[in-house]
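Student: I have a protein model open on my screen, and I'd like to learn how to read it. Can we go through a few features together?

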Amino acid sequence: MIVAGITGSIAMGKSETAKMFAARGIPVFDSDAAVHALYAPGGAAVEPVRALAPDAVVDGAVDRRKLATLIQSDPALLMKIEGIVHPLVKQRQAAFLAEAAQQADIAVLDIPLLFETGREADVDVVIVVTAKPELQRERALARGGMTAEKLDFILSRQFPDAEKRARADYVIDTSVSLAETEFEVDRVIASLRAKEKA
């Protein structure tokens, strides 16, 4: 089985592109959804996060917006939170891949900070989702609770898009129509299947 890591900076269309792989029957692990589950009431990250940032826990769950605000004012907190969350997500990814290997020739790990966390070593190929910078900014600022200042902070934590593209095995551009993006997804799948058979 080929394990592909899909990544891309904020608002590049990574989640939508990952859904296109899933729609074609390819198992996709959504790291962001896994974090949501870890932060939900009863989630494994709630108590460890409460110990570090009590104000970030509301009604038994981690409030991501409150946590983001705390991290913005104390960047050192981010590394501590990642030290809790990343190992928990990796455990879930390992279980997902073990199950996927029983039924699939390709599995996709959707990892937003793949390069930033050194996870490219854990996958066979890297797919980077990109878009024109002005479209990225427009999409990001259309999200609820997003401000220009918050977006700039998030981008400062992410590798530049050009660097990600340079390090990718495949690049999918979502600046085009959905049909064209889907064509690119099909092209990548065909290429991966050819590699798997080789």
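**Reading a pocket and two residues**

Tutor: Sure, let's start with the largest pocket, which holds about 1500 Å³ of space. Keep in mind that this is a predicted model.

Student: How does anyone find empty space in a structure?

Tutor: Rolling a probe the size of a water molecule over the atoms shows where empty space is left. Here, 46 residues line the largest pocket, and Asp32, Arg64, Pro112, Leu113 and Arg157 lie nearest its centre.

Student: Which helix gives the most to the lining of the largest pocket?

Tutor: That's α5, with 8 residues. Other helices that supply at least two lining residues each include α1 (14-23) and α7 (148-157). Sorted by class, the lining has 20 nonpolar, 14 charged and 12 polar residues.

Student: Now a single residue: does Ser31 count as buried or exposed?

Tutor: Look at relative accessibility: under 20% means buried. Ser31 has 6%, so Ser31 counts as buried. You'll find Ser31 in helix α2, which covers residues 31-39.

Student: What is Ser31 in contact with, leaving aside its neighbours within four places in sequence?

Tutor: Val89, Gln93, Asp110, Ile111 and Pro112. With Asp110, check the atoms: a polar atom of the Ser31 side chain is 2.6 Å from the backbone oxygen of Asp110.

Student: And what does Ala94 count as?

Tutor: Ala94 sits in helix α5. Its relative accessibility is 47%, so Ala94 counts as partly exposed. Try a distance too: from C-alpha to C-alpha, Ala94 and Phe153 are 31 Å apart in space, with their places 59 residues apart in sequence.

Notes: Residues are numbered from 1 along each chain as its sequence is written. This is a predicted model: local features need pLDDT of at least 70, side-chain atom pairs count only at pLDDT 80 or more; totals for chains, interfaces and linings use all residues. Side-chain values use heavy atoms; hydrogens and water are left out. Helices (H or I, at least four residues) and strands (E, at least two) are DSSP runs, numbered from the N terminus. Buried means under 20% relative accessible area, exposed over 50%, partly exposed in between (1.4 Å probe, protein chains only). A polar contact is a pair of N or O atoms within 3.5 Å; within protein, one must be able to donate a hydrogen and the other to accept it, and residues adjacent in sequence count only if both atoms are side-chain atoms. Contact means heavy atoms within 4.5 Å. On a 1 Å grid over the protein atoms alone, a cavity is a set of points where a 1.4 Å probe fits but cannot get out, and a pocket is an open set with protein on both sides within 12 Å along at least five of seven lines; lining residues have an atom within 4 Å of a point. Grid points are joined across faces, edges and corners, and a volume is the space filled by probe spheres set on the points. Ala, Val, Leu, Ile, Met, Phe, Trp, Tyr, Cys and Pro count as nonpolar, Asp, Glu, Lys and Arg as charged, and the others, Gly among them, as polar.
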